[in-house]
Amino acid sequence: MHGTHVAGISSAVTNNGIGVASTAWSVKIMPVKCYAGGEYIVHGYDGILYAARTAYLNGYRCVINCSWGSYGYSSFEQNVINTAHNTYGAIIVAGAGNEGISTPHYPSAYNNCIGVAATDQSDHKAWFSNYGTWVALSAPGMSILSTIYPEYGGYVAWDGTSMSSPVAASAVALLWSFFIDSSNTWVEDQILNTADNIDDINPTYAGLLGSGRVNIYKAIATTIYPHIILVSYNLREATGDGDGVFNPGETGKLRVTLHNEEGWRPAEGLTAKLVISHPDITVTDSIADFGTLLPGATTTNLGDPFYLEATPDAELGTISAMLVLTANETNHPYLDTIEFMLTLTIYQAGWPQSIGSSVKGSPAVTDIDTDGTTEIIAPTLNGKLYIWDYEGNPEPGSPVDLSGEIWAAPVVADVDNDGTCEIVVGSRNYHLYIVKPDGSIVGDRNLGHYIIGTPTVKDIGDNGLKEIIVGTFGKKLYVLQDGDTIDYPHFPIEVSDRILSGIAVGDINNDGTQEMVFGTYDGNLYAVTSAATIVTGFPVALGGHIWGSPVLADINGDGQLEILIGSDNHNFYIVDTSGIILHTIDAGGQIKYEPAVITVGGLYRILFVAGSKLWCIDHMGNVLDGFPYDAGNTLLPPTVADIDGDDTLDIILPLKQAPYIDIVNLNTGQLDHRIPVDPIWSPVMIWDIDGDGDLELIFGTNSGVNIIDYKQPASLSNSCWAIYRRNLSRTGNFNDHFTGVEITPPPSFSIVSPTPNPFTDRVNIELMLTQPTTVSLNVYNVIGTKVYSQRMQLGKGIHNIVWGSHNLPPGIYFINLKVGDKVHTYKLVNVK
């Protein structure tokens with residue numbers, strides 16, 4: 001039955017709907033009996049010579065398959081092979097043997113014979129197949145279905161180089177039938193030269209499996225057709241808002257780069273037609289002409305792009321597209337299709353930035369180098385700190401190699417009071433780093449344990465100097481002073497368990513000094529004074545494990561800050577400054593992240609996530625109508641802002657390690673829409689990074705950082721929660737300054753925006769008061785450092801306040817005008 005099985009592989013009739021099919025399609029088989037009974041072939045070389053001579057004398061092209069062999073070289077046998085090949089023009093193909101060794105096996109190892117190794121379904125060498133430098137080719141040889149005696153079922157799948165040899169021989173026969181006038185040596189070279197190299201997936205056998213796995217399509221087609229591949233494509237905005245990114249409601253132009261592979265035929269008169277079947281996309285110019293594309297050459301339709309239009313409400317995401325290629329109309333006409341995917345996004349121009357590492361901490365956005373434009377700052381899980389400009393270009397010195405996994409968000413603050421900001425980053429390699437905008441590391445402190453939570457920067461000593469506050473996996477709370485890594489007096493202190501989160505800072509008991517509030521892994525809530533003492537009433541045993549940072553806010557209007565914090569015991573807590581738990585909310589899932597706090601019509605709203613659910617409660621712990629919202633996926637902390645400019649706050653809700661951001665309606669708790677993105681790993685920061693009057697969503701992904709350009713006029717207000725932990729100092733205190741806000745003025749006064757803006761040396765502010773009041777003018781630079789302060793007692797009427805920039809450098813400044821207890825902030829640009 002062995003011979004019957006081999007014969008079926010090499011020459012079974014093709015396309016008759018019966019049994020199996022051979023590659024050779026419809027060749028004739030000439031069986032030659034080479035044994036005189038028993039199990040072994042004893043006259044094999046006589047059979048080779050007989051077959052070759054008979055075919056030659058009868059005018060046939062002859063491919064001789066030898067699914068047999070043995071070990072040991074014979075010059076007589078080599079001479080037989082040479083005669084069959086050189087004198088009678090036959091092609092001899094033979095199995096390499098099934099012992100899994102490299103010892104030469106004959107006739108497969110003889111010159112003028114194509115020795116064939118066996119591969120499995122994934123192009124790996126079959127476990128049993130012989131191999132060696134004497135092997136010429138590989139072919140499938142596992143689970144090969146073919147013919148056997150009818151009384152045994154008619155068909156069976158066998159393994160062996162006895163199967164791979166006729167697979168290769170059948171391919172050789174088909175190639176020769178296409179090019180019937182070609183010599184045996186041309187056919188051999190063509191079949192070997194067009195095989196697919198499989199050394200990369202068989203590194204142990206590199207160079208020992210011949211020229212590769214046989215590819216009969218390539219062997220035939222390279223002589224007839226070109227082989228064109230899509231190298232790349234570029235889809236850009238043609239008409240729209242001018243940012244270069246193809247968005248809904250715009251016209252795009254598509255250029256494609258095509259390559260004709262070496263060794264194939266030229267493509268003459270190459271034309272591509274773009275086909276897109278999508279309800280929101282219309283192709284308005286679908287044809288591009290490329291001329292002649294020679295083998296090994298590459299071309300792009302630079303001067304003849306495709307054009308397409310997207311409807312204003314087009315669904316974001318991937319779009320299936322296809323190129324229909326035609327060439328060589330008068331000689332072997334070529335027709336092929338290439339399918340590929342386009343993406344319709346609202347990404348910011350220059351983004352995403354793929355850096356090969358995940359970004360787990362929420363990026364920071366600020367003008368860190370005071371050049372008048374914003375930068376995006378992001379540490380990565382592979383221990384690097386990146387700084388880009390808003391167009392995605394790396395800043396000088398970026399990336400900074402800090403080593404160790406960085407889980408936390410970066411802090412940006414002027415920690416050394418030198419008038420420029422620094423970046424503070426904690427790492428799982430135990431180190432806390434202070435980095436200058438140029439990438440130089442000016443502070444490096446080994447704290448002895450993992451730093452997982454985001455550090456905080458705050459002047460806890462009320463002396464005008466900022467301290468760095470951070471907890472560690474080693475159960476210690478550190479406070480570092482003087483813009484350096486020197487311990488603040490009486491710190492560090494040891495607490496009951498690991499500190500996995502950031503520290504909230506505020507005057508929780510109205511004693512005029514700052515307290516530090518945080519949770520520990522054993523479920524305790526701490527409040528610590530700047531003198532390193534525990535506040536009376538603390539720690540509070542909340543239970544479970546505390547993973548997330550607390551937030552401070554006076555949510556009930558009693559003049560004291562409340563502490564808002566969740567635990568993985570499913571409970572969210574509102575705690576007063578004496579350590580009394582005011583309200584407990586059972587969220588039905590683990591709470592591992594900080595809440596967000598906002599105000600709506602003067603009323604506080606607290607938002608937090610528990611597993612896949614988003615909760616929204618009031619100051620009494622009551623769950624608001626429509627909540628919780630269930631996203632169906634584990635969530636990251638929310639941020640909140642009016643991103644579409646409709647005077648209603650929107651909840652920006654990232655789905656953890658999933659490719660979506662949900663935009664949830666604050667009033668109803670219902671999904672407004674879902675934005676497709678790269679898998680998201682960090683909370684979202686909201687900012688107008690390019691000054692175009694709309695807001696961007698900035699976030700870390702599984703491979704870097706991405707930015708969504710939310711293309712509707714909008715601005716930020718003090719009532720929102722647009723930055724992870726409230727601000728770039730990461731204080732977690734709702735009362736702390738939120739740089740860049742615009743707060744609606746109260747009816748007791750009106751303000752004319754500062755003019756001129758931009759300005760060179762001074763600005764004028766016109767203020768009308770309806771009653772005498774105290775007015776304070778404070779000016780901050782972009783990193784939140786106060787650069788000017790003035791306090792005035794003004795009467796009823798119109799006043800003109802002048803501020804001169806004096807010797808301050810050019811850049812962005814924020815004028816904070818406080819009238820009574822109300823504040824209005826303006827963004828100014830100094831361009832001198």
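Which residues does the UniProt annotation "domain: Peptidase S8/S53" cover? In the unreviewed entry, that label runs over residues 2-198. Keep in mind as you look around that this is a predicted model. Within residues 2-198, helix makes up 33% of the chain and strand 16%. The C-alpha atoms at the two ends of that stretch sit 28 Å apart.

Now for some backbone oddities. Most peptide bonds are trans, and most residues other than glycine have a negative phi. Here are two places where the peptide bond is cis instead:

| Cis peptide bond | Omega | Where the proline sits |
|---|---|---|
| Y106 to P107 | about 15° | P107, loop between β4 (105-106) and β5 (113-119) |
| F491 to P492 | near 5° | P492, loop between β30 (486-487) and β31 (493-494) |

Next, have a look at phi. T370 isn't a glycine, yet its phi is positive, near 50°. You'll find T370 in the loop that links β19 (364-366) with β20 (375-379). Is T370 buried or exposed? Somewhere in the middle: its relative accessibility is 34%, so T370 counts as partly exposed.

N417 is another residue to check out. Its phi is positive too, at about 55°, and N417 is not a glycine either. To spot N417, go to the loop between β23 (411-413) and β24 (422-426). With a relative accessibility of 32%, N417 also counts as partly exposed, because partly exposed takes in what falls between the 20% and 50% cut-offs.

How values were computed. Residues numbered from 1 in each chain as written. Predicted model: local features only at pLDDT ≥ 70, side-chain atom pairs only at ≥ 80, totals over all residues. Heavy atoms only, no water. UniProt positions renumbered as here; feature names shortened; annotations may be inferred. Helix = DSSP H or I, 4+ residues; strand = E, 2+ residues; numbered from the N terminus. Buried < 20%, exposed > 50% of the residue type's maximum accessible area, 1.4 Å probe, protein only.
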